[in-house]
Amino acid sequence: MSTETIDLKTRLVTDFYAREAVMNGEAQSEFHQTKRQALGIFEDRGFPTPRNEEWKYSNVRDLISHQYQFAGEHAVTEEVIDSLRIANLTGNILYIVNGRFEEKLSTIVSPADQLQIKPLHEAIKERPELVSTYFGQLAKSESDSFTALNTAFAHDGVFIHVPAGKVVDHPVIIRFISDARAENVGSNPRNLFIVEQNAQVKIAESYRTIGEERSFTNTVTEIFVAESANVEYYKVQNEAEKAYHVGTTHVRIVDNSHFYSATVSLNGGFIRNNLNIELDGQHCEAFMYGLYFPDGKQHVDNHTLADHRKPNSYSNELYKGVLRDRSTGVFNGKIFVRQDAQKTNAYQSCKNVVLSPDATMNTKPQLEIYADDVKCSHGTTTGQLDEEALFYMRSRGISKNEAMTLLMYAFCEDVVSQIKIDAIREHLEGVITEKLTKK
Amino acid sequence: MLKINDLRASIEGKEILKGINLEVKPGEVHAIMGPNGSGKSTLASVLAGREEYEVTGGAVEFSGKDLLEMAPEVRAAEGIFLAFQYPVEIPGVTTINFLKTAVNEIRKYQGLDPLDAAQFLKMVREKAKMVNMNDSLLKRALNEGFSGGEKKRNEIFQMAVLEPKLAILDETDSGLDIDALRIVSEGVNKLRTPERATIVVTHYQRLLDYIVPDYVHVLYKGRIVKSGPKELALELEEKGYDWIKAEVEAETAQ
């Protein structure tokens, strides 16, 4: 019996206090007090268990049975970055390696009057008024242990501010790289995107792992979309078998604003995505697209929330999944229409193809409607490939494998085609084709 | 070309085909008629290789090879084409992409190089013109949102592109108005050659006004109970199927 093993939670809490002890006056800052409070919540609650309804089908037991080096050193060089580049992708490309914002590896092409990008810890010092107004407004430590953990260690991550009326021509691509070549690594990236009135921006988060050891990424992103602003937000996960990912994105949209998102999970050992959208204004629109494609023993869980708080808003959601081998998937989509939110239109659909008898998909649509004049619909389907379509294609000379590939590709393309950054869409089409022809 | 010998087939344990015998030679057009539930569509499906049906006896030889041993895609590559009664809608796959895959898989089977994009496009445009198919349909998802007539025309267009040795038209007239019926039939007739054989499965005689058969067979209760020249179809139109049924019942009673 080893007496040296301490659990992940204890280790994280100990780390926190050890760091606090060597801080100077900063420990007294308002921001640090927020973190300390978050740590208290995390310490109190610990990691969720399947007894928690929100985590019923996503057991983090394996995730927390390992230790990770947080914000450690890494040896990611320009050469390594080169090997990860996405063909033809241009724009503002930022690299966050093991949770650290690597300004030297990053490229910012948009002029500063259009777009401000900073590591979060710099923004805390340089734009304290903005950070204190928005930070933690949507991502509440009380509501979720992983958010509490992320908040307690919030330091690095990306701060984006798009001033009123600015249309950012070039997309912002944030590439989160876990360098797990030498050891198990962990990170708690914390992002804050503030898009002011009438501004427009496209932002993508892309997650990759390099190396064979374990990685644990716990990201929290808060996005504020002001009146008549327009935000496109993409999340692409192509991580390794031993990658654990918990990613939470909170969005608030207000009058006449427009939020458009696609979450594509191609690979990763354990993925939990939370996408919560507050529709806190009239005539605003939110689109949520999702695609997941687990194989082997991978697990992908998508929890989404469309929270309609004001009248006359619109949300539309389409998530699609292909499950192979012994993989498992979860979709939990909630539509919440508050009493004031009359004339809401809210639609949700989740479609799954389960290609193996050993794969499992759990879907749970939830509608909570407190207004009486609304249009809402939801539907989930889980099944096999359409046999009739397969036979039709085979009767034209297309082999069974090729027919399955074509059908699967078409199924995925429905979501992938929604991605409006060409280089990312083309990259995904390539990865999907490769994945489809692998087996 | 096609020799069917005492073919028996069942679905979910229920025998539908109870000993079919039929020989089709190159260039011939055979019509298979019969009342609902007689097994016409089952015969078409079994020939194309639909897997829900279990062949319980008999043999089918196609160009000297054992057809029943072949997967559906191999049958297609060997030259069998089934025009579906209910063409399937396949969202996300364009007609053009679907056909390009089909043509090149068949060419691969035949040991030929794939057609490049330009060659393929040229060939497809010619064939579309031949069957009066609007080019714009080619770029749309396969059959998705097509009208009944467009779907059937798309079947004949695919047949023109794939150039089969044996075309089987399964109730191609169902759901078509008279104009659509004429256009589809014209397409089929343009594709008639001295080498290509056609089996027309239909309930009604009217299709045979346009696609004139060499032989007419009546299928009833899983057997071909009567065969004759094209005039047999007219007789059936006039008298219905009851007299055939009566003849068969009388024979079985003896």
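Visitor: How many salt bridges does the rule find across the interface of domain 1 of chain A and domain 2 of chain A?

Guide: In this predicted model, the rule finds 0 salt bridges across that interface. The two domains nevertheless bury about 1,400 Å² between them, with 74% of it on carbon and sulfur atoms, and 4 residue pairs, both at pLDDT 80 or more, are in polar contact there. Strands S9, S11 and S13 of chain A each supply at least two residues of the side of domain 1 that touches domain 2, and S13(A) gives the largest share, 5 residues. By class, this side of domain 1 has 12 nonpolar, 3 polar and 2 charged residues.

Visitor: Why is the meeting of the side chains of Glu155(B) and Arg396(A) called a salt bridge?

Guide: The N to O distance between Glu155(B) and Arg396(A) is 2.6 Å, and the cut-off for an Arg side-chain nitrogen and a Glu carboxyl oxygen is 4 Å, so the pair qualifies as a salt bridge. Across the interface of chain A and chain B the rule finds 4 salt bridges, as well as 11 residue pairs in polar contact, both at pLDDT 80 or more.

Visitor: Which residues in chain A lose the most area to chain B?

Guide: Of the area buried between the chains, about 2,000 Å², Phe391(A), Tyr392(A) and Arg396(A) together account for 40% of what the chain A side buries. Helix H7 and helix H8 of chain A each give two or more residues to the side that touches chain B, with H7(A) giving the most, 6 residues.

Key
Residues numbered from 1 in each chain as written. Chains lettered and ligands numbered in written order. Predicted model: local features only at pLDDT ≥ 70, side-chain atom pairs only at ≥ 80, totals over all residues. Heavy atoms only, no water. Buried area = accessible area lost by both parts, 1.4 Å probe. Polar contact = N/O pair within 3.5 Å; in protein donor to acceptor, adjacent residues only side chain to side chain. Helix = DSSP H or I, 4+ residues; strand = E, 2+ residues; numbered from the N terminus. Nonpolar A, V, L, I, M, F, W, Y, C, P; charged D, E, K, R; others polar.
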